[in-house]
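Trainee: Could you take me through one part of this structure slowly, and then show me how that part sits in the rest? I would like a close look at a single helix and whatever surrounds it.

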Amino acid sequence: MSLSIARLVVIEAVRTRLVLLALAAIFVAGAAGMFAGAIAITDQHMIRVATFAALLRIGGIAVVALFVISSQVREFTDNSINLALSRPVSRAHYYAGRLAGVAIVVGAWALLGLVLLSLAVPVPVALVWAASLFCEMLIVASFALACALALQQVPTAVLATAAFYLLARTMGAIQLLNAEPLTQGTGTGRQVADFAVRVIALALPDLERMTVSSWLVGSISDLATLLPLLVQTAIYVPLLAALGLTDLYRKVL
Amino acid sequence: MRVPERSWRVVPWPILLLLAAALGTQMTWRAHQRQPQAVAAALPGPPTASAMKVFSLGDTALASRWLMLWLQAFDNQPGISIAFRQLDYQRVIGWLQLALELDPVNPYPLLAASHLYAEVNDPPRQREMIEFIRRAFSQAPDQRWAAMAHTVFLARHRLQDKPLALALAGQLRAATDPSKVPGWARQMEIFVLEDIGEIEAARVMLGGLVASGEVTDPGELAFLQKRLAQMQADDSGNSH
């Protein structure tokens, strides 16, 4: 039954013109890459590739997060979720199906990135980059799904997901700023802030090390780069799924 | 409005177990990961003013000010402090020039040039910064006289270069309009020739700046007063 729900998610992605949106994102990323390459004096190829890849990543995350949130909120507003759960389907199976469908959509986007980048950089490099993109997008999409289930409103869920993504990508810099000796103090406020930064850093995934453009520029394709990212994804996606499921089970539907 | 929720008991225990285990694993994993390391990054070269106009979506006044905040904080990169003397001053000047190009009436670049970057204890760098201020002054003398006046002070008391101080004071007098610039600033040659002490000169300059209405921002006033107090403290420390 979970597979059927996953299939429905993929069908919805196709019918809501996500493919067209993906093509538009690729066109914009490609055009921006060409423009950046054209105005560069040197290193034109890598500037073009890095710009294209960065926009593909940001575009993919934004499009998939918006799709997941709007799709899940629609499940509530048109009562599709009630219809699905009125059949012999547990809430866990329903959630697993939704998550699997989202993972397929994310996988398709990463595959597209792999194919396009393979035209410009060695295949192993593109493979590591695309695998990392899959991990990053899956974490963000899982968060978006859990948020949409909990908040049931598109604007708040989008804001929460954007805040999560920005915080996770900048947490390293925030930790370093927090460790800055010039701002160190002994007051209670400072200690509370220090504790909060430490706890938030532990609870957030390390997105800062994911899908880095320097891999493309420096031709990095070793497994040692990818392995920690796979482990992080393997930990964080189940964590978000457990959070989402806990909320789903407590909902009165 | 509070949304009704079912009891925690309806959540199957394997899901709660998964939640606890995943949260514990996440925290352990992140705690054992390599902590972010502070790395001193070299100051990059500035982009062109037209590129900055595009990036700032045409809001050049805001871009000029944010650029100054970024440049000012560059010596304090996250987790690391860099001495001014380690900065590439030609690049610093490039950024200051860019901030001025984006907003010619922004006083920040010349204040930073005269009171921060030119105060470094390194004569070649001080001369580079004085030369930058002198060039900027020649483009708009009646608006940028305060920074130029400070270069006279720097040349006389920091570099101990009397001819340079006289040349700068002469340029200040010749290029400015008497109706727009206070008399004391146009007669800075007196400061140089009469050998007024450093603290006294700084005090007269600060008083003159406040009286002329050139310094109205409370933050800038506090900054200049703090520098004067620091100068006095250094002086009394040296005399003991």
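Mentor: Happy to; what follows starts with one helix of chain B and then widens to the pocket, the two chains and a few single residues.

A word on confidence comes before the close look. This is a predicted model, with an ipTM of 0.81 and a pTM of 0.67. Chain B has a mean pLDDT of 82, and 87% of its residues reach 70 or more. For chain A the mean pLDDT is 88, with 95% of residues at 70 or more. Within chain A, confidence is lowest in helix α9 (residues 213-217), at a mean of 80, and highest in helix α6 (residues 123-151), at 95.

Now to the helix itself, α4 of chain B. It covers residues 89-102, which makes 14 residues. From its first C-alpha to its last it reaches 20 Å, close to the 20 Å expected at 1.5 Å a residue. At the N-terminal end, B:Asp88 acts as a cap: one of its side-chain oxygens lies 3.0 Å from the backbone nitrogen of B:Gln90.

Which residues of α4(B) are buried? They are B:Tyr89, B:Val92, B:Ile93, B:Trp95, B:Leu96, B:Leu98, B:Ala99, B:Leu100 and B:Leu102. As you go along that list, keep the helical repeat in mind. An α-helix has 3.6 residues a turn, so residues three or four places apart point the same way. The cover over the buried residues of α4(B) includes α2 (49-55), α3 (60-72), α5 (108-115) and α6 (123-139) of chain B.

Two of those covering helices, α3 and α5 of chain B, lead us on to the largest pocket, since each supplies at least two residues of its lining. So do α7 (145-158), α11 (198-211) and α12 (218-239) of chain B. The largest share of the lining, six residues, comes from α5(B). The space in this pocket is about 770 Å³. Of the 32 residues that line it, B:Pro107, B:Tyr108, B:Leu111, B:Ala112 and B:Glu220 are the closest to its centre.

Helix α7 of chain B also holds B:Arg156. This arginine is buried, with a relative accessible area of 14%. B:Arg156 and B:Leu193 are 37 residues apart in sequence, yet their C-alpha atoms are 9.7 Å apart in space.

Let us step back to the chains as wholes. Chain B has twelve helices and zero strands. Of its 240 residues, 41% count as buried. Among contacts in chain B between residues at least 6 apart in sequence, 71% join residues at least 24 apart. Chain A has ten helices and zero strands, and buried residues make up 47% of its 253 residues. The corresponding share of contacts joining residues at least 24 apart, among those at least 6 apart in sequence, is 79% in chain A.

Where do the chains touch? Helix α10 (residues 223-250) of chain A, which contains A:Arg250, gives two good examples. A:Arg250 counts as buried because its relative accessibility is 15%, under the 20% cut-off. Leaving aside neighbours within four places in sequence, A:Arg250 is in contact with B:Glu5, B:Arg6, B:Ser7, B:Trp8, B:Val10 and B:Val11. A:Thr246 lies in α10 of chain A as well, and at 5% relative accessibility A:Thr246 is buried. With residues up to four places away in sequence not counted, A:Thr246 touches B:Trp8, B:Val11, B:Ile15, B:Leu16 and B:Leu19.

Chain A also offers a helix to set beside α4(B). Helix α3 (residues 44-77) of chain A has 34 residues and should span 50 Å at 1.5 Å a residue; its end C-alpha atoms are 49 Å apart, which agrees. Just after α3(A), A:Asn79 takes a positive phi of about 60°.

Two loop residues of chain A have positive phi values too. A:Gln152, in the loop between α6 and α7 (154-178) of chain A, has a phi near 60°. At 31% relative accessibility, A:Gln152 counts as partly exposed. A:Thr211 is in the loop between α8 (188-203) and α9 of chain A, and its phi is near 50°. A:Thr211 is buried, at 0% relative accessibility.

Definitions and conventions:
Residues numbered from 1 in each chain as written. Chains lettered and ligands numbered in written order. Heavy atoms only, no water. pLDDT = per-residue confidence, 0-100. Helix = DSSP H or I, 4+ residues; strand = E, 2+ residues; numbered from the N terminus. Expected span 1.5 Å × (residues − 1). Buried < 20%, exposed > 50% of the residue type's maximum accessible area, 1.4 Å probe, protein only. Contact = heavy atoms within 4.5 Å. Polar contact = N/O pair within 3.5 Å; in protein donor to acceptor, adjacent residues only side chain to side chain. 1 Å grid on protein atoms, 1.4 Å probe; cavity = no way out; pocket = protein on both sides within 12 Å on 5 of 7 lines; lining within 4 Å. Points joined across faces, edges and corners; volume = space filled by probe spheres on them.
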